[in-house]
Amino acid sequence: MSECATGELTAMFRRLIRETGPISLLQFMGESNARYYTSRDPLGSAGDFITAPEISQMFGELVGLWLADLWSQMGSPERVLYVELGPGRGTLAADALRTVARFGLKPEVHFVEGSESLRAIQRGAVPGVTHYDDLSSLPDDAPILLVANEFFDALPIRQLLRTPGGWRERMVGLEGDDLVFVAGDKPMDAAVPEQWRGADEGTSIETCPAAASVMAEIAERLASKGGAALVVDYGAARLSPGSTLQAIRSHQKVDVFASPGEADLTAHVDFGQLSETAAQHGANLMGLTTQGQWLSALGIDARLEALQRQSPDNAAKLQRQRDRLVQPEQMGELFKVMGLSGGGWPKRGAGFVSQG
């Protein structure tokens, strides 16, 4: 997208605020990310950020191993759908599908992806893929093996502030021509999770209605048609107060209001909320752990050694890739992995120490 187009989005927000008053952060983030993701390939060194599948093939291969194990435990059903939400360049799917094919699993491949530019790249990486705008459009006559890697963090959030007058929504307003945060004037106590309603003045929390909606749909599908889901994202096992909203451009954090539609807006995922929503809608929680622990339990070190034997000249590079995925100070601790199942599929999945 051109800087001109970005300026047009900022101008649109200014006009809207002047005409109707402050807008919600939910709306600002939703419209900014919609423009951002439909206009570019944001991944890689030339883009704005890099995800685990782009760091190393080991990530997608171990995801594939996890899926193939569950499928085998179910007696290798003939028809199953591989579903990925926000599949980026299709790299994860390509690596996972290559791995599951070794076990005889050749699922139908379905991507939920709104960006036409990314859809074109994905068709090159995974020939034969079928694209959908949302989960509700998927075929509903077979179990699913669903993967969502760094999908939930980009869904628009709501920020709520405890003021002397009660809970209010954090809005986006204007100070001159500058977009700024302001407190809304409408009571929002009903939108606050029960455990936070009595919090001290000055407390701020984040909720993500879109994440709850998507998770409810995944869980209901698992419960009714069977299958399993793997969610990988950065966030916390339990909601904590404070803002986690950030904007990333060219691999650097930038001001949230600096370039709407030109930077990736994300927030930490509340895995506690996702777990509760999944359970409420009939899914089984296999477990929640860190990415580092999960990859280690799945055998990333054995896979690393095999790749290093195949390519001794790249041994050091492969080690760095493994460390970036696993080490606590890199992606290993901040990123979490959650496993779900339903419809009679196994309640246990590889890599989860604490399972339901």
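The following exchange examines how several descriptions of this predicted model are justified.

User: What makes the protein as compact as a globular protein of its length?

Analyst: The protein contains 12 helices and 16 strands. Its radius of gyration is 21 Å, and the globule rule gives 21 Å for 356 residues; the two values are close, so the protein is as compact as a globular protein of that length. Along the principal axes, the C-alpha atoms fill a box of roughly 60 × 40 × 40 Å. Of the 356 residues, 54% count as buried.

User: Why is Leu16 called partly exposed?

Analyst: The relative accessibility of Leu16 is 24%. Buried requires a value under 20% and exposed a value over 50%, so Leu16, at 24%, counts as partly exposed. Leu16 is found in helix α1, residues 3–20. Its C-alpha atom is separated by 49 Å from that of Leu65, and these two residues are 49 apart along the chain.

User: Why is Leu62 called buried?

Analyst: Leu62 has a relative accessible area of 4%. The limit for a buried residue is under 20%, so Leu62 meets it. Leu62 lies in helix α4. Leu62 and Ala96 are 34 residues apart in sequence, and their C-alpha atoms are 7.3 Å apart in space.

User: What makes the phi value of Ser76 worth noting, and is the residue buried or partly exposed?

Analyst: Ser76 has a positive phi of about 55° although it is not a glycine. The residue is found in the loop between α4 (57–73) and β2. Its relative accessible area is 34%, which falls between the 20% and 50% limits, so Ser76 is partly exposed.

User: Which phi value does Glu150 take, and why is Glu150 called buried?

Analyst: Phi of Glu150 is near 50°, a positive value in a residue other than glycine. Glu150 lies in the loop between β5 (144–149) and β6 (158–163). The relative accessible area of Glu150 is 17%; this is under 20%, so Glu150 is buried.

User: How do you know that β11 pairs with both β12 and β13?

Analyst: A pair requires at least two bridges between the strands. Strand β11 (residues 246–249) and strand β13 (residues 264–266) have three bridges in the antiparallel sense, so they meet that requirement. β11 and strand β12 (residues 252–254) also pair in the antiparallel sense, over three bridges. Ala247 illustrates both pairings: its bridge partner in β13 is Leu265, and its bridge partner in β12 is Val254. In the hairpin of β11 and β12, two residues lie between the strands, and Ser250 takes a positive phi near 50°.

User: What makes β12 and β13 the edge strands of the sheet?

Analyst: The three strands form an open sheet in the order β12-β11-β13, with antiparallel pairing. β12 and β13 each pair on one side only, and they are the edge strands. From one strand to the next, the twist averages 40°.

User: How do you know that β2 and β3 are paired, and what makes β3 mostly covered?

Analyst: Five bridges join β2 to β3, and the two strands run parallel. Since at least two bridges are needed, β2 and β3 count as a pair. The bridge partner of Val83 in β3 is His110. Strand β3 (residues 108–112) is mostly covered, as four of its five residues are buried.

User: What surrounds the largest pocket, and how many residues of each class line it?

Analyst: About 790 Å³ of space lies in the largest pocket. The elements that give two or more residues to its lining are α2 (25–37), α3 (52–55), β2 (81–85), α5 (91–101) and α7 (209–225). The lining comprises 38 residues, of which Tyr37, Gly86, Glu113, Phe151 and Ala154 lie nearest the centre of the pocket. By class, the lining has 18 nonpolar, 12 polar and eight charged residues. Gly counts as polar, so Gly86 belongs to the polar class of the lining. Glu counts as charged, so Glu113 belongs to the charged class. Tyr, Phe and Ala count as nonpolar, so Tyr37, Phe151 and Ala154 belong to the nonpolar class.

Terms used:
Residues are numbered from 1 along each chain as its sequence is written. This is a predicted model: local features need pLDDT of at least 70, side-chain atom pairs count only at pLDDT 80 or more; totals for chains, interfaces and linings use all residues. Side-chain values use heavy atoms; hydrogens and water are left out. On a 1 Å grid over the protein atoms alone, a cavity is a set of points where a 1.4 Å probe fits but cannot get out, and a pocket is an open set with protein on both sides within 12 Å along at least five of seven lines; lining residues have an atom within 4 Å of a point. Grid points are joined across faces, edges and corners, and a volume is the space filled by probe spheres set on the points. Axes are lines fitted to C-alpha atoms, for helices over the stretch in contact, and angles run from 0 to 180 degrees between N-to-C directions. Buried means under 20% relative accessible area, exposed over 50%, partly exposed in between (1.4 Å probe, protein chains only). The radius of gyration is taken over C-alpha atoms; the globule rule is 2.2 Å times the number of residues to the power 0.38.
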